[in-house]
Amino acid sequence: MDVLAVREAFPILHQEVNGHPLVYLDSSATSQTPKSVIDKIDDYYKRYNSNVHRGVHTLGAVATDEYEGAREKVRSFINASNTKEIVFNRGTTTGINTVAQSYGMDNVAPGDEIVITEMEHHSNLIPWQQLAKRKNATLKYIPMQEDGTLSMSDVRDTISDRTKIVAVSHVSNVLGTINPVKEIAAAAHEKGAVIVVDGAQSAPHIKIDVQDLDCDFYAFSAHKMCGPTGIGVLYGKKDLLDNMEPVEFGGEMIDFVSLYDSTWKELPWKFEGGTPIIAGAIGLGAAIDYLESVGMEEIEKHEEELISYALQKMDDMDGVTVYGPRERAGLVTFNVDGVHPHDLATVLDTEGIAVRAGHHCAQPLMKWLGVNATARASFYLYNTTDEIDRFVEGLQKTKEYFGDVI
């Protein structure tokens, strides 16, 4: 992969921040957007801005074709068997909440179990926590190993005949842990449970095949994979979605409405109430086009090289604690002795280096790690080893600055 050619596609990268060339290391929060995606969204608003599915005029027909064309691109991207299994929504959070509020409310009873892990983003923890409270069910956690990985023996010991739902992140947004989703799915299915996968940190970085993973639900967001904000996808197996009730009601998702009863459209539209996020879906389709033009395998290989290089550089630094396993996705979460993560991020920003600091919407995991917050540098297809060198130099300057202050 020609990373310099890749960088040319991203206008935002060619600027200075605080007098320094921008080094953007926060793609796990929100990735940057290539010009082809920006142009595609711009084209929608300039040329065929119209609602979908409703009008018979030319603009509406073009918008509908582009919107549904994006759905087919998503289907192919994750290898779903049918476009009816692809539901557009606001993002990963909305997708997981839809499963909890629809499937969960109808299939979890008092005394049943919901199994998750302590490494989950709040978006894949709070919906199950609240569902368990409302249904008087039991919320169980799969124990984590010391390095932040999961043992399949612990997975099997935690899932029982009472388990109805297993929810797990494919990739941890803090530890970078790549969980064995396919094996966890098999263990869940052995006990008659369904598995819900938070794919927010995996879909942008590795080739996804939902049929091979055999996951029942898989949710991800466009803004972490070179697409626009405010649009995401919930994949669900068709037989499950067919038997689920919608959680939002109104226009677009109905078939027939009378004064005292209504019927719903077929999949996937019964879950897409109201005017959908048309420009966002079209932008997501363009982002998929871009990622596939580069090659997901090439992106994954590039990130493996970046994280290996970064870990090697950070291993040589005193007073730096890195959290998570050695074999990981393309992010590194860490702390520097004597420096609060927010202070660290502020100093790095003066050098034009953007990193994340805080609890990363994973407060239970912070407690498990024994810290209040961490810093995180996350890499994507447009990052370089030279940028990692600047990041490491920035860490060294931060250590020296706070050492002098102390």
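The following paragraphs go through a predicted model, taking the annotated domain, the sheet, the helices and two loop residues in turn.

UniProt, in an unreviewed entry, places the feature "domain: Aminotransferase class V" at residues 23-391. Helix makes up 40% of this span and strand 18%. The C-alpha atoms at the two ends of residues 23-391 are 8 Å apart.

The sheet comes next. Seven strands form an open sheet in the order S4-S10-S9-S8-S7-S5-S6, and the pairing is mixed. At its edges are strand S4 (86-89) and strand S6 (138-142), each of which pairs on one side only. On average, and ignoring direction, neighbouring strands of the sheet are turned by 20 degrees against each other. One pair can be followed in detail: strand S5 (residues 113-117) runs parallel to S6, with five bridges between them. Glu113 has Thr138 in S6 as its bridge partner.

Helices also pack on this sheet. Helix H3 (residues 58-78) touches S4, strand S9 (217-221) and strand S10 (232-236). The direction of H3 makes about 120 degrees with that of S4. Helix H5 (residues 126-135) lies across S5, S6, strand S7 (163-169) and strand S8 (194-198). Relative to S5, helix H5 runs at about 160 degrees.

The loop between H5 and S6 contains Asn136. Asn136 is a residue other than glycine with a positive phi, near 55 degrees.

Another part of the model shows two helices packed against each other. Two packed helices are described by the angle between their axes and the distance between the axes. For helix H2 (residues 35-47) and helix H10 (residues 278-294), the angle is about 150 degrees and the axes are 8 Å apart. Because angles over 145 degrees count as roughly antiparallel, H2 is roughly antiparallel to H10. The crossing of H2 past H10 is right-handed. On the H2 side, the residues in contact are Ser36, Val37, Lys40, Ile41, Tyr44 and Tyr45. They meet Ile278, Ala279, Ile282, Gly283, Ala286, Ala287 and Tyr290 in H10. Sorted by class, this contact of H2 with H10 has 10 nonpolar residues, two polar residues and one charged residue.

The loop between strand S12 (262-264) and H10 holds Pro268. The peptide bond leading from Leu267 to Pro268 is cis, and its omega is near -5 degrees.

Key: Residues are numbered from 1 along each chain as its sequence is written. This is a predicted model: local features need pLDDT of at least 70, side-chain atom pairs count only at pLDDT 80 or more; totals for chains, interfaces and linings use all residues. Side-chain values use heavy atoms; hydrogens and water are left out. UniProt positions are given in the numbering used here, feature names are shortened, and annotations may be inferred rather than shown by experiment. Helices (H or I, at least four residues) and strands (E, at least two) are DSSP runs, numbered from the N terminus. Axes are lines fitted to C-alpha atoms, for helices over the stretch in contact, and angles run from 0 to 180 degrees between N-to-C directions. Angles under 35 degrees count as roughly parallel, over 145 as roughly antiparallel, 65 to 115 as roughly perpendicular and the rest as oblique. A crossing is left-handed if the near helix is turned anticlockwise from the far one by less than a right angle, and right-handed if clockwise. Contact means heavy atoms within 4.5 Å. Ala, Val, Leu, Ile, Met, Phe, Trp, Tyr, Cys and Pro count as nonpolar, Asp, Glu, Lys and Arg as charged, and the others, Gly among them, as polar. Two strands pair if DSSP finds at least two bridges between them.
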